[in-house]
There are 2 protein chains.
Amino acid sequence: MILLGRNFLRAGLLKPFGALRRVLIADEALKSLYAEKLAKEFQAEFLLTPNLKSRETAHDLTDALFKLGCGRDTLLIALGGGAALDLIGFAASIYMRGLPLIFIPTTLLAMVDAAIGGKTGIDTPHGKNLIGTIYEPKAIFADLDLLKTLPDKEWVNGFAEILKMGLIYDASIWKKPDILKAIRGKMAIVGKDPREQGLRRILNFGHTIGHALETVADYLLPHGACVALGCAVEAHLSMRLGFLKAKEFAEILDLYCRFPLRLPKSYTRAKLLSAMAHDKKSAQGEVRFVLIDRIGHAIPFEGAYCRKVDFSELESTLEWMEGVYS
Amino acid sequence: MILLGRNFLRAGLLKPFGALRRVLIADEALKSLYAEKLAKEFQAEFLLTPNLKSRETAHDLTDALFKLGCGRDTLLIALGGGAALDLIGFAASIYMRGLPLIFIPTTLLAMVDAAIGGKTGIDTPHGKNLIGTIYEPKAIFADLDLLKTLPDKEWVNGFAEILKMGLIYDASIWKKPDILKAIRGKMAIVGKDPREQGLRRILNFGHTIGHALETVADYLLPHGACVALGCAVEAHLSMRLGFLKAKEFAEILDLYCRFPLRLPKSYTRAKLLSAMAHDKKSAQGEVRFVLIDRIGHAIPFEGAYCRKVDFSELESTLEWMEGVYS
C-alpha cells in the first residue's frame, strides 16, 4: 500500500496495523527536523540510526533493537532517504526473520525509487547493495510536504530516476516528468516481477554504468548524477548496437547535457570494467545491459530484458563517454 | 521440492536448474567424508565453511562468495546438518538478494526439521536464531545413506523432533516414529502458514523451554535433548492448565524418561525466565506457549496457536521440572 499526498501523517494511519509496539527510526539530521515530532504523533519510541548502510551499521541497528527488547510484536517505522530505508529495511527483514515495517521516504529519490519494490541492501567493500533481501514494507507513506527541506542536489537524484522511467517504460514521463506516474510505473513493473527474473531488470537501465561509476568514485558522487550519466551512456550503447535511432539518442543527450555531469577524478577504464564485472546482472563473467529501442521502451530480449555486451561492442561507447564527460 | 531416498545423489538431479555455476559448501568434517566426492559428481566448486552460525561466519561466508566472484548465476549447494544449513541458507538469502539454493541435509534432525520450511538463522549474543530470514531452497535432497556415519547423539536430536511432530500433529507418529510422515507433516504445516502467522507456531512446541535451556547452557547441550526436555515440560504445563489429561501426560513422560535428560549445571530459574523473555513468540513482554490437549493435537486458540502463560501459572511446572531433572 502506498499513500501519496501532502501533510497527512497522523496517528490514525497506523490503526490498521493493530496494537503493536512502535519504533520510529531515523538519522541525526532528521531527528529534530521531523522524526521526534512524528514519533510523538505516532506514539512511537525513537531510535537513532547512522545513515551509512554497511554490515557494521546493520549489526549496530539490530543490536539496538535487541537492547530495546523488541519482539515480533514491534512495528518499525523507517523515516529517511534511500540509504536509510535500504538499511532499515534490511535490518527489519533479518531481525527475528522479519518485523512489520512502514516506510516514510523523505527524499524524491526514495519516494519514486528506493521505497518501492521491496529491495533492501547494504554496501560492502565488494560493491554497492551486494548484500540485501527482497522484503516488502506493509505500507509506504509518501508525504510531499517532507520535501520542502530537500536540498537541490537531492532533487536531481530523484529527477534522474523519474527520467529513467520515461526512457524505459513511459514516454509521457520523459516528455513531462511526473512523480505519481513514476511511482505507478515502478509499482506495475515490480508487481509483475517481484524477484527480478525478467521485466524488473529494466529498472537497472543506466545503473550498470551508474553503479560502476559510484564504485570507482568511492561513493563520493551522488547516485542521481551517476544514474543520469549512466542513462546517457547506455542510450549511446543502445544506438551503437543498432537498436535506438540516432535522432532519439540526440533528443536524450540534449536533455542530459543540462545536467552538470563529469566522470570522477579517480576514473580509469580498467577500474570501471572491474566494477562492472561485479554487477548483479552479470552472468558467467559477461556484463549484461538493459537496452532501449525507443524513448519509453526497453527491449524484452525474449523475456531476459537484458543482453550481454562484449567488450569490443562496449569499447567505442566508453571512448565516447570519456571524450564527452572527462 | 523434496527428494527422499537412498544413494540417489547424481549429477542428473541438477539438470532442471539450468546451466548455472555451482558451488558446494560444507564444513571441514564433511569435506573428506562426502563433500569432495559430491562436488566432483555435481561438477561444483568446493567451498569450506565453519559450522558455527554467527554474524561473523555469515560475514566470512558471503566474503568468500565475493572472492570467488559468484554472481546471481551461481547455484549454491549446501551440505550439512541443521546449523550449517541455517548459516548457508541465511548467506544465500542475503547474497545479492538471494541465490538459488539446494539443501542436502546430512543429519536426521536436518532432514525432518531444519531443511524444511525455509527458516534460516544465525545466533547472536542475544539468543539463538534471532537474526534470519524466510528463504526457500529450490530443492532438498534427503539421502538416507548419508546418515550411515551419524553419531548416536545426532539420532537423538532428530528423534526428539519426530516425537514432537507426533505430539502436536499426528498421534500415529508418536506411536511409531516415521521419518517420511514427519517430513510430510512439517511440509503440510509450513505450506499452510509459511510466515508463521498462526498454525506454523505449533512447531515451536517444546522449544520455548528448549531454546531457553540452550541459552542458559551457553549452547553446550544438544538441541534434541533440550527440545525433548522442553516437550516433557510443556506437556506438563498443558496438563497443569487443564488442557491435557493426566493419563496422556503420564504416557508422554514415560517415553521421555528413557532420554538421559538433565538441566544444565548453569541453570537457575531467573536465567531461564530471562532467556524466555527473548523468545520470538513473546509479545508485549508476555511469554506465550504452544499447548496440546491430546497426543497429536496442538490447541488452535482461535488461530493464534499459542497462549500467554503468566508466571504464576508457570511456576508449579518449573518447580516440577527442577525436581525431576536437576
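# Reasoning from values to terms

Student: Why is Glu313(A) called partly exposed in this predicted model?

Tutor: The relative accessible area of Glu313(A) is 24%, and since partly exposed covers the range between under 20% and over 50%, the value places Glu313(A) in that class.

Student: What makes the pairing of Arg307(A) with Glu313(A) a salt bridge?

Tutor: The side chains of the two residues come to 3.2 Å, N to O, and the rule asks for a side-chain nitrogen of Lys or Arg within 4 Å of a carboxyl oxygen of Asp or Glu, so the pair of Arg307(A) and Glu313(A) qualifies. Arg307(A) is itself partly exposed, with a relative accessible area of 24%.

Student: How do you know that Asp113(A) and Lys186(A) form a salt bridge, and which parts of the chain does the pair link?

Tutor: The closest N and O atoms of Asp113(A) and Lys186(A) are 2.9 Å apart, which meets the 4 Å limit. The pair links distant parts of the chain, with Asp113(A) in helix α4 (residues 108-114) of chain A and Lys186(A) in helix α7 (residues 179-192) of chain A, 73 residues apart.

Student: Are Asp113(A) and Lys186(A) buried or exposed?

Tutor: Both Asp113(A) and Lys186(A) are buried.

Student: What makes Arg269(B) and Glu315(B) a salt bridge in chain B?

Tutor: Their side chains meet at 3.7 Å, N to O, and this value is again within 4 Å. Here too the pair links distant parts of the chain, Arg269(B) belonging to helix α11 (residues 269-277) and Glu315(B) to helix α12 (residues 311-325) of chain B, 46 residues apart. Glu315(B) counts as partly exposed because its relative accessibility is 30%, a value that is neither under 20% nor over 50%. Over all chains, the structure holds 30 salt bridges.

Student: How many salt bridges are counted between chain B and chain A, and what is the N to O distance for Arg72(A) and Glu196(B)?

Tutor: The count between chain B and chain A is four salt bridges; in the one formed by Arg72(A) and Glu196(B), the closest N and O atoms are 3.5 Å apart.

Student: How many residues does each chain bring to the contact, and how much area is buried?

Tutor: The contact takes 37 residues from chain B and 37 residues from chain A, and together the two chains bury about 3,100 Å², of which 50% is on carbon and sulfur atoms. On the side of chain B, Phe66(B), Arg97(B) and Lys280(B) lose the most area to chain A, together 26% of what that side buries.

Student: How many residue pairs are in polar contact across the interface, and which elements of chain B take part in the side that touches chain A?

Tutor: The rule finds 18 residue pairs in polar contact across the interface of chain B and chain A, both residues being at pLDDT 80 or more. The elements of chain B that give two or more residues to the side touching chain A are α2 (55-68), α3 (82-94) and β7 (127-131). The largest share of that side, six residues, comes from α2(B). By residue class, the side of chain B that touches chain A divides into twelve nonpolar, 14 polar and eleven charged residues.

Student: What makes His236(A) count as buried, and what does its side chain contact?

Tutor: His236(A) has a relative accessible area of 5%, and since buried means under 20%, the term applies. His236(A) lies in helix α9 (residues 223-240) of chain A, and its side chain makes a polar contact with the side chain of Thr317(A) at 2.9 Å. Leaving aside neighbours within four places in sequence, His236(A) is in contact with Phe249(A), Ser316(A), Thr317(A) and Trp320(A).

Student: Why is Leu213(B) called buried, and which residues does Leu213(B) touch?

Tutor: At 1% relative accessibility, Leu213(B) is under the 20% limit and therefore counts as buried. Its place is in helix α8 (residues 207-216) of chain B. Not counting residues up to four places away in sequence, Leu213(B) touches Cys226(B), Leu229(B), Leu263(B), Pro264(B), Tyr267(B) and Leu272(B).

Student: How do you know that the count of disulfides over all chains is zero, taking Cys226(B) as an example?

Tutor: The rule requires two cysteine sulfur atoms within 2.5 Å, and by this rule the count comes to zero over all chains. For Cys226(B), the nearest cysteine sulfur, that of Cys231(B), is 11 Å away, so Cys226(B) is in no disulfide. Cys226(B) counts as buried at 1% relative accessibility, and Cys231(B) counts as buried at 0%.

Terms used. Residues numbered from 1 in each chain as written. Chains lettered and ligands numbered in written order. Predicted model: local features only at pLDDT ≥ 70, side-chain atom pairs only at ≥ 80, totals over all residues. Heavy atoms only, no water. Buried < 20%, exposed > 50% of the residue type's maximum accessible area, 1.4 Å probe, protein only. Contact = heavy atoms within 4.5 Å. Buried area = accessible area lost by both parts, 1.4 Å probe. Polar contact = N/O pair within 3.5 Å; in protein donor to acceptor, adjacent residues only side chain to side chain. Helix = DSSP H or I, 4+ residues; strand = E, 2+ residues; numbered from the N terminus. Nonpolar A, V, L, I, M, F, W, Y, C, P; charged D, E, K, R; others polar.
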